[in-house]
Amino acid sequence: MNALTLGLDTGGTHTDAVIYNPQTRTVAAYAKAETTHHDLSVGIARALEKLAARDWPGGREAVTQISLSTTLATNAIAEGVSSRVGLIMMGYDADQEAVRQLVQKLPLVESVFVRGSHDYYGTEEEPLDEEAIEAAVGTLDPHVSAWAVSGFFSVKNPAHELAASRIIRSLSQKPITLGRDLTGEYDAVRRAATAALNAGLVGVINRLLEAVKKAARGCGFKARLMVVKGDGSLVSEDWARDRPIETVVSGPAASLVGAKTLGRGLLTPGEKDLWVLDIGGTTTDLALVRDGRPAVNPNGARVGAWNTMTVAVETRTRGLGGDSLVTMSKAGDLTLGPRRVLPLCRLADEWPQVVRTLKYQRGSGLGATLAGCFFLPGSPPDSGLNDDEIVLLRALERETPLALATHAETCFQRGQRFSGVNALKHPAILVSAFTPTDAMAVLGLYGQGSREAACIGAEILGRSLRLTAEEVAFRVLEEFGRLLAEEIICHGFDQDGVHYQPEEFSETGVFSGPLGRGKKGKIRVELGVEDSILLLGAPAAVLAPFLGRRLKGTIIVPPVYDAASAVGAAAAPIYLRRKVEIHSLPNFAGFRLFLPSEMIDGDSVDELSAIAEEKMAGYMRTLALTAGAGEAKVSVHREDRRVRTEEGDVMELGASLSFAVTEARPASSRAGGYRPGG
């Protein structure tokens with residue numbers, strides 16, 4: 001019996017669960033549930049319950065691994081909801097501008113500056129002030145949930161970080177994050193921020209993992225839990241608990257792995273480069289697969305205001321999805337997003353009475369700025385509400401859903417100001433209006449919810465131009481396809497180092513930019529891409545032909561396209577990287593090798609490289625075991641640093657050795673599928 005993997009992904013709209021066979025690379029079963037943003041574990045439990053009701057060869061007993069892709073760490077950083085931590089900083093200048101800004105931007109961090117430093121070569125300049133650390137822990141430990149430790153030159157010599165960790169551990173039971181454990185790269189200030197953010201996420205991720213395990217056990221799944229990192233690789237549950245920062249951008253990363261997996265058999269022989277568009281309810285993520293692996297951002301994952309030092313896939317995100325707000329000007333110009341709203345077809349499915357209101361608005365002559373829009377209560381309100389939101393929440397206590405037109409009229413009669421939908425930002429208020437999902441419902445391409453409500457909403461939008469519901473819906477999907485093509489073109493130019501913003505796409509898929517708008521037909525420029533475009537997400541199959549009308553290229557919609565991230569979570573490999581440096585010593589008096597836990601001096605780069613390969617082979621295999629790997633393969637890539645003197649001699653300056661470890665996996669067959677477009 002083949003061992004199976006259960007893949008889980010928490011997306012913006014749905015939580016997906018799949019049963020994946022890694023030997024045949026096929027999906028045996030899958031299920032969906034709505035993502036519960038107030039508590040992700042609720043949506044996960046519902047998805048698992050639906051999946052457990054399905055049948056597949058071997059049943060639940062054949063599932064030996066659960067792989068989770070989660071947005072929790074990303075959202076916690078972006079929303080600033082991590083736990084309070086203590087940050088011990090050694091060798092930092094508290095008066096340095098970058099350090100001051102770091103402290104100001106970390107409101108939930110108690111920063112403590114301690115004497116103790118090393119120089120660029122790893123030699124101790126000032127001994128560690130151990131008494132200061134003891135005093136800080138004694139004072140702050142009751143008020144923090146975790147500790148972070150960062151030495152300015154800990155990438156060269158981690159001795160002070162290790163000593164500080166021992167002191168904290170002797171006085172506190174709280175989790176400890178060392179900056180050196182997260183990255184071997186320079187930029188001490190970003191390393192300190194990454195360590196602090198990681199420490200703040202430990203409790204958050206632990207609660208989620210415990211909830212997932214509890215839900216899995218409740219559904220009869222007894223398997224080890226693995227988590228997808230931001231670079232698209234897997235790590236063990238314990239690894240993720242210690243290094244939750246590495247799970248940022250986990251969703252887009254899993255999506256790329258899913259794209260690569262589902263695209264097998266659909267690509268031409270030797271095709272290893274892909275454009276991947278993952279179209280969700282709120283956003284569309286564009287990313288690249290290069291040489292068979294997800295392309296990573298060399299500068300680290302950026303989440304909100306933080307540019308972390310965590311290796312993660314490089315993505316381009318746009319506020320464009322199936323639930324994006326659609327507006328139409330009197331001239332017929334369409335705007336999609338970036339705001340997400342509840343589609344009218346889904347609103348009417350739960351509150352059928354809104355259809356009657358929509359019919360009245362259609363016949364009343366109300367303009368599209370007032371008609372076809374409703375309000376509902378969202379998450380429990382707290383501080384931060386503006387005046388419009390306070391007034392609206394009070395009105396929602398009397399009537400839900402509340403038509404925008406009704407509320408605007410009430411405000412006018414009472415002399416109250418109402419600024420409109422754009423003034424409503426707080427999640428305590430939800431908006432429902434016409435969306436691309438409604439457009440699909442109008443055209444019979446989306447089978448859920450009330451098609452009648454969607455059709456009336458489209459008629460209201462197109463009334464001033466005397467457009468039918470079908471004409472409005474087709475225009476919306478045409479615009480969606482144009483915007484997808486625009487994202488690919490802009491990102492393609494960015495990859496080539498060219499800043500470019502397209503101006504206009506014609507109705508025939510011909511692009512007209514600064515070379516001429518093409519209104520007189522004198523200049524015609526067609527743009528396309530050489531690499532295949534793989535579409536993922538629930539609307540992928542619907543939008544593929546609309547993208548194909550705008551951009552030349554091969555467009556692939558793989559099987560199970562609407563659960564690709566869950567497939568990616570199940571198919572993700574274990575892959576770890578570490579880099580060590582060899583530097584020349586002052587006055588070229590030999591060389592120094594900087595290993596994770598020690599420094600070694602030698603007479604030549606070759607000598608130290610051989611030592612590094614021997615020691616790091618064992619270190620990487622131990623690391624792989626910690627990450628959950630079985631049999632591991634270690635590879636190394638060496639880059640020498642040399643300069644040529646005026647006399648023509650070559651002088652050695654040092655070298656960088658990059659080590660990678662992958663889990664050995666058995667060969668497997670290719671999945672089938674179909675390849676539309678072209």
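Reader: What makes residues of helix α17 count as buried, and which ones are they?

Author: In α17 (residues 540-548), A540, V542, L543, A544, F546 and L547 are buried, that is, under 20% relative accessible area with a 1.4 Å probe on protein chains only, where over 50% is exposed and in between is partly exposed. The helix is a DSSP run of H or I of at least four residues, a strand a run of E of at least two, both numbered from the N terminus. This is a predicted model, in which local features need pLDDT of at least 70 and side-chain atom pairs pLDDT 80 or more, while totals for chains, interfaces and linings use all residues. Residues are numbered from 1 along each chain, and side-chain values use heavy atoms, without hydrogens and water.

Reader: What covers the buried residues of α17?

Author: The cover includes β13 (274-279), α14 (436-442), α16 (469-495), β29 (532-536) and β30 (555-556), contact meaning heavy atoms within 4.5 Å.

Reader: How do you know that R243 has no salt bridge?

Author: A salt bridge requires a side-chain nitrogen of Lys or Arg within 4 Å of a carboxyl oxygen of Asp or Glu. For the buried R243, the nearest side chain of opposite charge, E246, is 4.2 Å away, so the criterion is not met. R243 lies in the loop between α8 (237-242) and α9 (250-262).

Reader: Why is C345 not in a disulfide?

Author: A disulfide is a pair of cysteine sulfur atoms within 2.5 Å. The closest cysteine sulfur to that of C345, in C455, is 10 Å away, therefore too far for a bond. The count of disulfides is 0.

Reader: Why is C455 called buried?

Author: Its relative accessible area is 11%, so C455 counts as buried.

Note on methods
Lys and Arg count as positive and Asp and Glu as negative; His and the chain ends are not counted.
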